[in-house]
Amino acid sequence: MPTRDFESTVETSPERLFAALADIGSWPEWDLALERIDHDGQAVRAGTAFRLKPKSGPAVTMRVEACDGPRHFAVSARLPLARMRTAYRLLPADGRGTRVCVRVETRGLLALMWDRLIAAPLEEAAAAHAQDLAAFAERR
């Protein structure tokens, strides 16, 4: 099972970051790789299902696996012959701000392919992604 861990530090509080992550319908406002999120608008909690449509691929079914504010948020995606789980840990940074720790795990027959296609680019853009999330969280 391929696993990637990456970390960034931002000046936004864990509470504000968690609120932005838990507002899944707003993800396309800060994640420029997304075209849309299809969600019923109900409160987000573990078990909440939604569809995510990236700009560069087909829509995928997602499920919130953990929604333990303000420190832990995780989602999983059903991909062809694989599953991908993305977990955020939001930890207070020394002094001020938050360490955004992200783990992406891929499992299944095509795990290596999905790791290369999705997780590797996520890892490369992790710092910018965390900054975009933080900027959105501050504007809310």
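This briefing covers the sheet, the helices packed on it and the nonpolar core of the structure above. The model is predicted. Its seven strands form an open antiparallel sheet in the order E1-E7-E6-E5-E4-E3-E2. Helix H1 (residues 14-22) and helix H4 (residues 126-139) have axes that come within 9 Å, and the largest nonpolar core has 38 residues.

**Sheet**

- The edge strands are E1 and E2 (34-38), each of which pairs on one side only.
- From one strand to the next, the twist averages 25°.
- Strand E5 (residues 72-79) pairs with strand E6 (residues 82-92) in the antiparallel sense, over eight bridges.
- The bridge partner of leucine 79 is alanine 82 in E6.

**Helices on the sheet**

- H1 packs on the sheet and touches E1, E4 (60-68), E5, E6 and E7.
- The direction of H1 makes about 155° with that of E6.
- Helix H3 (residues 111-124) also packs on the sheet, where it touches E1, E5, E6 and E7.
- The direction of H3 makes about 10° with that of E1.

**Strand E1**

- E1 (residues 3-10) runs antiparallel to strand E7 (residues 98-107), and eight bridges join the two.
- Valine 10 stands opposite threonine 98 in E7.
- In a regular strand, side chains alternate between the two faces of the sheet.
- Along E1 the side chains do alternate: Arg4, Phe6, Ser8 and Val10 point to one face and are buried.
- Thr3, Asp5, Glu7 and Thr9 point to the other face of E1 and are not buried.

**Contact of H1 with H4**

- The axes of H1 and H4 cross at roughly 95°.
- The two helices are therefore roughly perpendicular.
- On the H1 side, the contact is made by Arg16, Leu17, Ala20 and Leu21.
- On the H4 side, Leu133, Ala134, Phe136, Ala137 and Glu138 take part.
- By class, the residues of this contact are seven nonpolar, no polar and two charged.

**Nonpolar core**

- Leu17, Trp27, Phe50, Leu52 and Phe73 are the residues with the most contacts inside the largest nonpolar core.
- H4 gives the most to this core, with six residues.
- Leaving aside residues up to four places away in sequence, Leu17 touches Val10, Thr12, Leu90, Thr98, Val100, Leu133, Ala134 and Ala137.
- Leu17 thus appears both in the contact of H1 with H4 and among the core residues with the most contacts.
- Val10 and Thr98, which stand opposite each other across E1 and E7, are both touched by Leu17.

How values were computed
Residues numbered from 1 in each chain as written. Predicted model: local features only at pLDDT ≥ 70, side-chain atom pairs only at ≥ 80, totals over all residues. Heavy atoms only, no water. Axes fitted to C-alpha atoms, helices over the stretch in contact; angles between N-to-C directions. Helix = DSSP H or I, 4+ residues; strand = E, 2+ residues; numbered from the N terminus. Parallel < 35°, antiparallel > 145°, perpendicular 65-115°, else oblique. Contact = heavy atoms within 4.5 Å. Nonpolar A, V, L, I, M, F, W, Y, C, P; charged D, E, K, R; others polar. Buried < 20%, exposed > 50% of the residue type's maximum accessible area, 1.4 Å probe, protein only. Pairing = 2+ DSSP bridges. Core = buried A, V, L, I, M, F, W, Y, C linked by side-chain atoms within 4.5 Å.
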